[in-house]
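Grab the viewer and a pencil: here are a few short exercises, each with a worked solution. Try each one yourself before reading on.

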Amino acid sequence: MTERKPVAVVLGGSLAGLLAARALASTGARVTVVERDALPSGPEPRRGLPQARHVHQLWSGGARALEQLLPGAIGRLRAAGVSRVPMTTDMVALSPHGWYRRWAESAFMLPASRDLLDWVVRQLVLADGDIELVERAEAVALTGTDAAVTGVRIRDRDNAERTLPAGLVVDATGRGSRASHWLAGLGLPGPERREVDSGLVYASRLFRAPDQAARDGFPVVNIEPDPRGTGTGRGGALMPVEDGKWIVTLFGGRGDEMPTTADDFARYAREELRHPIIGELLANAEPLTEVALTRTTANRRHFFERMPVWPENFVVLGDAVCALNPLYGHGMAVSAQSALALRDVVRRQGPALDTPGLSRHIQKAVGRTVRAAWDLAIGADVFYPGATETGPTLRDRLLSAYVDRLLYTATGNGRIARRVTDVTALQRGAESLLTPSMLVAAAVGPLKPPLGGPPLTVEERKAAGVS
């Protein structure tokens with residue numbers, strides 16, 4: 001006789017859901033992934049992921065979590081043409097305090113189209129024989145009581161409903177999650193919730209880089225918005241991705257007229273940002289797509305881990321717990337780290353998925369993984385006009401003032417720049433910014449004078465065709 005494996009159901013077949021499925025399968029569970037859409041067979045767009053048209057990067061903290069869950073994943077991405085970009089060595093960035101220097105590497109990022117990254121992860125995850133994918137099916141409700149979830153009711157593509165029993169149900173359905181509604185259906189109160197909506201709007205296009213820039217490589221270029229200085233959300237990012245292409249995303253705040261045509265896109269990049277470098281670079285790049293626009297950029301967090309009562313056998317992770325402004329590029333890294341936390345808690349507490357208290361332990365661990373990215377995002381976004389009904393809290397103001405001072409110091413202090421980048425990349429905890437040496441450095445300020453312009457090398461300017 002063989003021992004029966006624990007059964008789990010994961011709702012959502014995007015990055016967070018697939019990595020959660022992999023995490024559970026690695027602990028000995030048999031997992032069913034329920035996905036509303038039909039997933040593409042290659043690195044192609046999918047209907048339920050409109051934000052895929054905009055810049056995406058996997059920070060090193062997330063990349064390392066991904067590699068622990070899926071050994072060989074980074075190698076597969078690199079083989080598919082994804083570059084490993086050292087930070088801040090290969091980033092040209094204008095902060096609200098001036099241009100950052102290109103310091104020696106500490107963290108790194110993997111910039112890629114979202115279609116490619118999802119496809120590589122999907123291939124690796126679904127190769128596991130203990131993971132089954134059910135496509136074109138939608139979760140309708142949880143089954144069970146306020147004490148314990150026993151499964152989930154789903155509606156198939158033919159509109160028929162059926163119940164999937166499970167020892168653990170994981171909601172990874174993203175911003176559209178109905179977890180609070182489902183919990184209410186079981187007789188549980190709603191979680192504490194906070195939303196900080198900067199009002200930023202994104203416009204993106206895909207370009208083919210100039211031949212030499214595509215062949216030799218090119219740095220990431222980032223013009224950050226300045227909500228507390230100029231008060232505007234205008235900015236942009238140029239991200240070199242696979243196949244010699246650039247994804248360029250421009251952003252603006254409430255009241256800004258975002259570009260929707262090719263001519264408007266080029267003009268906005270040249271004239272509306274705090275520096276025209278992105279517009280200058282695009283003058284010699286070949287457009288490959290039309291302009292894609294999105295307004296779904298609010299930060300939204302549900303504090304499920306703080307609920308006084310939590311049912312057994314149910315977990316929420318990914319954007320369903322903490323949806324972040326894509327500007328900061330943390331969503332994928334947080335999903336990977338949350339899935340890794342899920343795996344580690346099950347390994348410590350399990351292997352039975354219905355172990356008393358297991359889901360509560362997992363939910364608290366997930367809450368810890370989102371904390372740093374949440375604080376970084378709202379620390380800036382809360383200062384946009386209309387971002388919240390009440391404005392920044394005292395904690396927001398104190399945190400922002402200190403981080404602001406660190407970012408100013410980082411323009412002329414390599415040690416501080418590397419430490420801040422490590423936290424931004426989610427490979428160090430935010431507490432590392434509060435050591436005595438960091439406090440002293442912040443008080444002293446930059447050790448080098450400000451730069452007068454973007455720190456592109458002569459070779460990079462020549463490759464991109466700019467003077």
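**Exercise 1.** Decide whether Thr409 is buried or exposed in this predicted model.

*Solution.* Start with the relative accessible area of Thr409, which is 0%. The cut-off for buried is under 20%, so Thr409 counts as buried.

**Exercise 2.** Find where Thr409 sits and what its side chain has for polar company.

*Solution.* First, locate the residue: Thr409 is part of helix α11, which covers residues 394-410. Next, look at the side chain of Thr409: one of its polar atoms is 2.9 Å from the backbone oxygen of Arg405. Finally, skip the neighbours within four places in sequence, and Thr409 still touches Ile416, Ala441, Ala442, Gly445 and Pro446.

**Exercise 3.** Work out which residues of α11 are buried and what covers them.

*Solution.* Step one: pick out the buried residues of α11, namely Asp396, Ser400, Tyr402, Leu406, Thr409 and Ala410. Step two: recall that residues three or four places apart point the same way, because an α-helix has 3.6 residues a turn. Step three: look for the cover, which includes β13 (192-196), α10 (358-381), α12 (414-424) and α13 (436-444).

**Exercise 4.** Check the span of α11 against the expected one.

*Solution.* Count the residues of α11: there are 17. From first C-alpha to last, α11 reaches 24 Å, close to the 24 Å expected at 1.5 Å a residue.

**Exercise 5.** Look for aromatic features across the whole structure.

*Solution.* A full search turns up 5 aromatic pairs. Phe304, Trp310 and Phe314 make up one aromatic cluster. Then check Phe108: the charged end of Arg84 sits over its ring, 4.2 Å from the centre.

Methods
Residues numbered from 1 in each chain as written. Predicted model: local features only at pLDDT ≥ 70, side-chain atom pairs only at ≥ 80, totals over all residues. Heavy atoms only, no water. Helix = DSSP H or I, 4+ residues; strand = E, 2+ residues; numbered from the N terminus. Buried < 20%, exposed > 50% of the residue type's maximum accessible area, 1.4 Å probe, protein only. Polar contact = N/O pair within 3.5 Å; in protein donor to acceptor, adjacent residues only side chain to side chain. Contact = heavy atoms within 4.5 Å. Phe/Tyr/Trp six-rings, centres within 6.5 Å; stacked < 30°, edge-to-face > 60°. Lys NZ or Arg CZ within 6 Å of the ring centre and 35° of its normal. Expected span 1.5 Å × (residues − 1).
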